[in-house]
Amino acid sequence: MMYKNPRLIIDSSNPPEPGGIVWRSPSNIAIVKYWGKYGLQLPRNPSLSLTLSSSFTDTRLEYEFRDDTHGGSVDLDFFFHQEPNEAFKVKTEAFLNDLAAIFPFLKQLKLTVRTGNSFPHSAGIASSASGMSALTLCLCSLEDLLFGTLQDAAEFDRKASYLARLGSGSACRSIFPHAAVWGETAVIAGSSNEYAVPVGDQIHETFKNFHDDILIVNSSEKAVSSRAGHALMEGNPYAEPRYAQARQRLALLFDAMRAGDVETFGKIAEDEALTLHALMMCSNPSYLLIHPGTLAILEKVREYRAASGHPVYFTLDAGPNVHLLYPGEIIHEVRAFIEDELKEHCERGYIQEDWVGEGPEEV
Ligand code: DP6
């Protein structure tokens, strides 16, 4: 493991004072999608995402030195929106125990995680990207606080991204402002399968002012998890051509984003959304995550675009909810369109209004 470091051990004759670290980290929306993985959370193709703003997780990591070894495993309490949460505790404990070779000091501490999302828990908005990135940023801050080993900001971000990837692939892209690429691609120097790299400084201003309104069509838990969906790509007859297509699309998308070409960006975004769901329909077993309301929205978006000429596009995650992508300049027109035509397809009329943002911040 690239970050294995047996030297990160607290000197028990000089233990740290108890303390806490807080990070706020956003979700992100992939334009070229990560779908299919191998080995230890490595992507079959590169992906490119926009970093969001209003959908975020706040995570506070509290630590206190403890002298015994707690049976050789991490000692953790977990609170989600102020309530103890056993399911998250078990998941997070397993994740932290897996990081023992990277952060041996974790087993010397009593840890408490207090976390919460800016969006309703039951909204059907995936929180793994914001949640995992917030947690790994806290861990890197803790390392730096205890050992002073992550002073370089770029190195700090890279390590946080690497660790977030181990927790949930898409989370590694949330670390960076505006836009990020995860996965090796010839078009981005320094790109890697192990962590995401920032590309915000290479894209046109238009995309830094993009909006992503998330239309919640259905908030119930998905019938097939992302984890299971990635696994089904292994037997999918279209897998290899799909990975090649994603590599090609990423190169075209990156060119378009550098040039400020919204139309090409939008075409690729929609093609990727439909490809993702087509892959699910071609899996064995096949499955469907889109709902009738999803399709109704997609059709209305294309009709509205054709009729109005406004550059409004859709994308989808692995679920029924629609992300509406558009430049900030047309927000009033688009919000009226949502109100008049799309809201009726949303569960309880719920829409999470979001936009491209500056990335995580230590609070
Ligand atoms: C469709 O990152 O949730 O949103 O690595 O198993 O945690 P795990 O999967 P996850 O997959 C996200 C897939 C996607 C596309 C994307 O975000 O690139």
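Q: Let's start with Tyr34: at its relative accessibility, does this residue count as buried or exposed?
A: This is a predicted model, and in it Tyr34 has a relative accessibility of 9%. The cut-off for burial is under 20%. Since 9% falls under that limit, Tyr34 counts as buried.

Q: Which residues does Tyr34 touch, leaving aside those up to four places away in sequence?
A: Tyr34 sits in the loop between strand 1 (19–32) and strand 2 (37–38). The C-alpha atom of Tyr34 is 9.1 Å from that of Leu276, with the two positions 242 residues apart in sequence. Leaving aside residues up to four places away, the contacts of Tyr34 are Gln41, Pro43, Asn45, Ser47, Gly169, Ser170, Arg173, Trp182 and His230.

Q: What is the phi of Gln41, which is not a glycine?
A: Gln41, one of the residues touched by Tyr34, lies in the loop between strand 2 and strand 3 (42–43). With 10% relative accessibility, Gln41 counts as buried. The phi of Gln41 is positive although the residue is not a glycine, at about 60°.

Q: How far apart are the C-alpha atoms of Ser170 and Ser49?
A: Ser170 is another contact of Tyr34, and its place is the loop between helix 3 and strand 8 (179–182). Ser170 counts as buried, at 18% relative accessibility, and it touches Asn28, Tyr34, Ser128, Ala129 and Trp182 once residues up to four places away are set aside. Ser49 is 121 residues from Ser170 along the chain, yet the distance between their C-alpha atoms is 8.9 Å.

Q: Which element supplies the largest share of the lining of the second largest pocket?
A: The lining consists of Ala154, Glu155, Asp157, Arg158, Phe176, Gly190, Ala196, Val197 and Pro198. Two elements each give at least two of these residues, namely helix 3 (153–167) and strand 9 (196–198). The largest share, 4 residues, comes from helix 3.

Q: How many nonpolar residues are in the lining of the second largest pocket?
A: This pocket holds about 160 Å³ of space. Its lining has 3 charged residues and 1 polar residue. The nonpolar residues in the lining number 5.

Q: How many bridges join strand 5 to strand 7?
A: Strand 5 (residues 75–80) and strand 7 (residues 109–117) run parallel. Within this pairing, Phe78 stands opposite Val113. The number of bridges joining strand 5 to strand 7 is 6.

Q: Which residue in the turn of the hairpin formed by strand 5 and strand 6 has a positive phi?
A: Strand 5 also pairs with strand 6 (residues 83–84), here in the antiparallel sense over 2 bridges, and Phe80 stands opposite Glu83. The hairpin leaves 2 residues between its strands. One residue in the turn is partly exposed at 35% relative accessibility and has a phi near 50° without being a glycine. That residue is His81.

Q: Why is one side of strand 11 and of strand 13 left without a neighbour in the sheet?
A: The sheet is open, with 4 antiparallel strands in the order 11-12-10-13. Strand 11 (313–316) and strand 13 (351–355) each have a single partner strand, so one side of each lacks a neighbour. The reason lies in their position, as both stand at the edges.

Q: In strand 12, which residue is the bridge partner of Leu316?
A: The pairing in question is the antiparallel one between strand 11 and strand 12 (residues 322–327), which has 4 bridges. Across this pair, the bridge partner of Leu316 is Val322.

Q: What angle does the direction of helix 9 make with that of strand 12?
A: Helix 8 (residues 292–308) lies across strand 10 (210–215), strand 11 and strand 12, at about 155° to strand 11. Helix 9 (residues 331–342) also packs on the sheet, where it touches strand 10, strand 12 and strand 13. Its direction makes an angle with that of strand 12 of about 150°.

Q: Which residues does Thr275 touch, not counting those up to four places away in sequence?
A: Thr275 belongs to helix 7 (residues 262–281). At 15% relative accessibility, Thr275 counts as buried. With residues up to four places away left out, the ones that Thr275 touches are Arg242, Gln245 and Arg249.

Q: Which residue does a cis peptide bond join to Asn284?
A: The residue sits in the loop between helix 7 and helix 8. The omega of the bond is about 5°. The residue joined to Asn284 is Pro285.

Notes
Residues are numbered from 1 along each chain as its sequence is written. This is a predicted model: local features need pLDDT of at least 70, side-chain atom pairs count only at pLDDT 80 or more; totals for chains, interfaces and linings use all residues. Side-chain values use heavy atoms; hydrogens and water are left out. Two strands pair if DSSP finds at least two bridges between them. Contact means heavy atoms within 4.5 Å. Axes are lines fitted to C-alpha atoms, for helices over the stretch in contact, and angles run from 0 to 180 degrees between N-to-C directions. On a 1 Å grid over the protein atoms alone, a cavity is a set of points where a 1.4 Å probe fits but cannot get out, and a pocket is an open set with protein on both sides within 12 Å along at least five of seven lines; lining residues have an atom within 4 Å of a point. Grid points are joined across faces, edges and corners, and a volume is the space filled by probe spheres set on the points. Ala, Val, Leu, Ile, Met, Phe, Trp, Tyr, Cys and Pro count as nonpolar, Asp, Glu, Lys and Arg as charged, and the others, Gly among them, as polar. Buried means under 20% relative accessible area, exposed over 50%, partly exposed in between (1.4 Å probe, protein chains only).
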